[in-house]
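Have your viewer ready and the sequence panel open. We will go from stop to stop, selecting a few residues each time.

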Amino acid sequence: MSESFDIVIVGGAAIGSAVAYFLTANPDFDGSVLIVERDPTFAQASTALSSASIRSQFSNPLNVQMSVFGAQFFREFAEVMAVAGDKPDLNFREAGYLFLASSAEQTRILQENHQVQKSLGVPVVLWSPEQTQQAFPHLRVDDLALASYGLSGEGWFSNTGLMNGFRKKARAQGAEYVIDEVVDLVCEDNSVSAVMLKSGRQVECGAVVNAAGARAQKVASMAGLTIPVEPRKRTLFVLDCAHSPEGSATVNEGRLPLMVDVSGTFCRPEGKFFLSGTSPNEDPAVNYDDFEPRYEEFDQVWMDLAARSEAFEAIKLVSCWAGHYAFNTLDHNVIAGPHNQMDNFIFANGFSGHGLQQSPAIGRGISEWIIYGRFCTLDLSEVSYERVAQNRPFLERAII
């Protein structure tokens with residue numbers, strides 16, 4: 001393996017591998033790419049511990065557009081990522097998101113978000129409580145004022161299938177992967193010139209892409225840089241229902257959606273079970289190695305789901321785990337592109353739970369900036385580092 005690469009990507013899960021794929025797939029790029037991944041099992045990677053879902057129901061047009069591209073990319077994923085006839089299966093279930101609103105404020109936000117989505121041609125409908133119950137008869141709707149449902153382009157998929165598809169195709173296209181850890185960066189004249197690996201090797205580089213997930217600030221600090229990204233814990237619960245509501249819906253071939261309750265608790269099918277979680281009452285930054293589930297959140301999940309549907313009154317906890325959001329404390333959205341004073345240090349950080357669904361758009365955008373010096377297909381300048389430097393949040397109201 002060469003000790004000099006044009007691009008070194010720190011982090012080899014979905015985001016880093018998406019960047020590597022789009023770089024090596026572009027005929028205008030003839031450089032070399034190295035992906036450095038510290039953990040070959042990905043056991044604690046945000047990718048592996050994610051709820052692996054995608055939605056177009058955002059309030060900001062850019063987030064909507066990124067997800068629209070992501071959904072189309074997921075539909076074509078098996079063909080695009082095929083290697084020697086082997087086609088990865090994302091098992092993409094376009095069963096939709098169902099956002100519920102009860103208060104006047106929640107209703108107003110759904111209505112305003114809908115106007116943004118409608119202007120971009122997204123197939124999202126607003127339902128009255130009666131229409132919501134007709135579509136999903138097991139839901140209690142007495143307290144609801146409005147619901148928003150995605151007819152297509154929303155649902156869930158295989159997180160490891162996405163990551164492994166990107167990884168295998170990027171490698172087939174010439175990207176090199178190494179199991180090692182970046183422990184320092186060599187910087188000269190406001191530029192990164194080399195990465196130092198835990199193994200003792202020094203690799204010279206033309207540019208570095210920070211795709212280190214929740215550890216993004218740890219990598220940025222090696223270059224003397226600061227970004228407002230820290231690990232925040234999210235616990236997911238796998239539930240078994242004594243009387244499953246699956247199949248009781250009449251919309252979208254009888255499949256249940258990913259439901260976001262007025263309480264903030266969400267739930268979606270997961271095989272014969274259900275996957276659920278809730279927004280924690282307290283949400284402090286945690287240690288990089290703290291993956292202990294917050295078991296006490298199960299009581300809140302159970303209470304919220306049982307109040308919404310009789311089907312969830314008798315449930316059993318099958319398993320649970322905790323993962324980390326790479327949480328952007330400025331505005332809960334991705335930071336994409338170069339640092340404003342060190343332009344060969346490139347961010348792909350702070351997704352705050354949106355990483356997998358935005359990985360195709362961000363991977364494509366970062367690759368365009370590296371090759372052409374600008375974002376070509378979709379302008380990502382709104383989520384560039386410049387807003388961090390100016391303390392100017394990129395506002396998004398539809399945060400889960």
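Is F42 buried or exposed? Select F42 and add a surface: F42 is buried, with a relative accessible area of 5%. Here buried means under 20% relative accessible area, exposed over 50%, and partly exposed in between, with a 1.4 Å probe and protein chains only.

Before moving on, note that this is a predicted model, where local features need pLDDT of at least 70, side-chain atom pairs count only at pLDDT 80 or more, and totals for chains, interfaces and linings use all residues. Residues are numbered from 1 along each chain as its sequence is written, and side-chain values use heavy atoms, with hydrogens and water left out.

**Stop 1: two loops**

Stay with F42, which is found in the loop between β2 and β3 (53-54). Helices (H or I, at least four residues) and strands (E, at least two) are DSSP runs, numbered from the N terminus. Look at the backbone of F42: its phi is near 55°, a positive value in a residue other than glycine. Most residues other than glycine have a negative phi.

Next, select D189, in the loop between β9 (182-187) and β10 (192-197). D189 is not a glycine, yet it has a positive phi of about 50°. Its surroundings contrast with those of F42: D189 counts as exposed at 78% relative accessibility, whereas F42 is buried at 5%.

**Stop 2: the main core**

Now select I7, I9, V33, L162, F166 and I362. These are the residues with the most contacts inside the largest nonpolar core, which has 49 residues. A nonpolar core is a set of buried Ala, Val, Leu, Ile, Met, Phe, Trp, Tyr and Cys residues joined through side-chain atoms within 4.5 Å. Elements that give two or more residues to this core include β1 (4-10), α2 (61-75) and α9 (355-372). The largest share, eight residues, comes from α1.

Zoom in on V33. Leaving aside residues up to four places away in sequence, V33 touches F5, I7, I9, A20, L23, T24, A175 and E176; contact means heavy atoms within 4.5 Å.

For the second, separate core, pick V195, A216, A223 and F347, which are among its 30 residues.

**Stop 3: two packed helices**

Show α1 and α6 as cartoons. They pack at an angle of about 35°, with their axes 8 Å apart. Axes are lines fitted to C-alpha atoms, for helices over the stretch in contact, and angles run from 0 to 180 degrees between N-to-C directions. The crossing of α1 and α6 is left-handed: the near helix is turned anticlockwise from the far one by less than a right angle (clockwise would be right-handed). Turn on side chains to see the contact, which includes A18, Y21 and F22 of α1 and L162, F166 and A170 of α6.

**Stop 4: aromatic rings**

Rings of Phe, Tyr and Trp (its six-membered ring) pair if their centres lie within 6.5 Å; planes under 30 degrees apart count as stacked, over 60 as edge-to-face and the rest as tilted. By this rule the count comes to 19 aromatic pairs. One of them joins F77 and F166, edge-to-face, at 5.6 Å centre to centre and 90° between the planes. This pair links distant parts of the chain, 89 residues apart: F77 is in helix α3 (residues 77-80) and F166 in helix α6 (residues 159-172). F77 is buried at 1%, and F166 is buried at 0%.

For a tilted pair, go to F298 and W302, at 5.7 Å centre to centre and 40° between the planes. Both lie in helix α8 (residues 297-308), four residues apart, about one turn of the helix. F298 counts as buried at 12%, while W302 is partly exposed at 32%.

Then select Y21, F22, F69, F73, F77 and F166 together: ring pairs link them into a cluster. Add R364, which lies over the face of F69, at 3.7 Å from the ring centre. A charge sits over a ring if NZ of Lys or CZ of Arg is within 6 Å of the ring centre and within 35 degrees of the ring normal. R55 lies over the face of F58 at 4.0 Å.

**Last stop: a proline in a helix**

Finish at P360, found in helix α9 and buried at 0% relative accessibility. Beyond residues up to four places away in sequence, P360 touches F22, F69, G70, F73, F74 and F166. Draw a C-alpha distance from P360 to S67: they are 8.8 Å apart in space and 293 residues apart in sequence.
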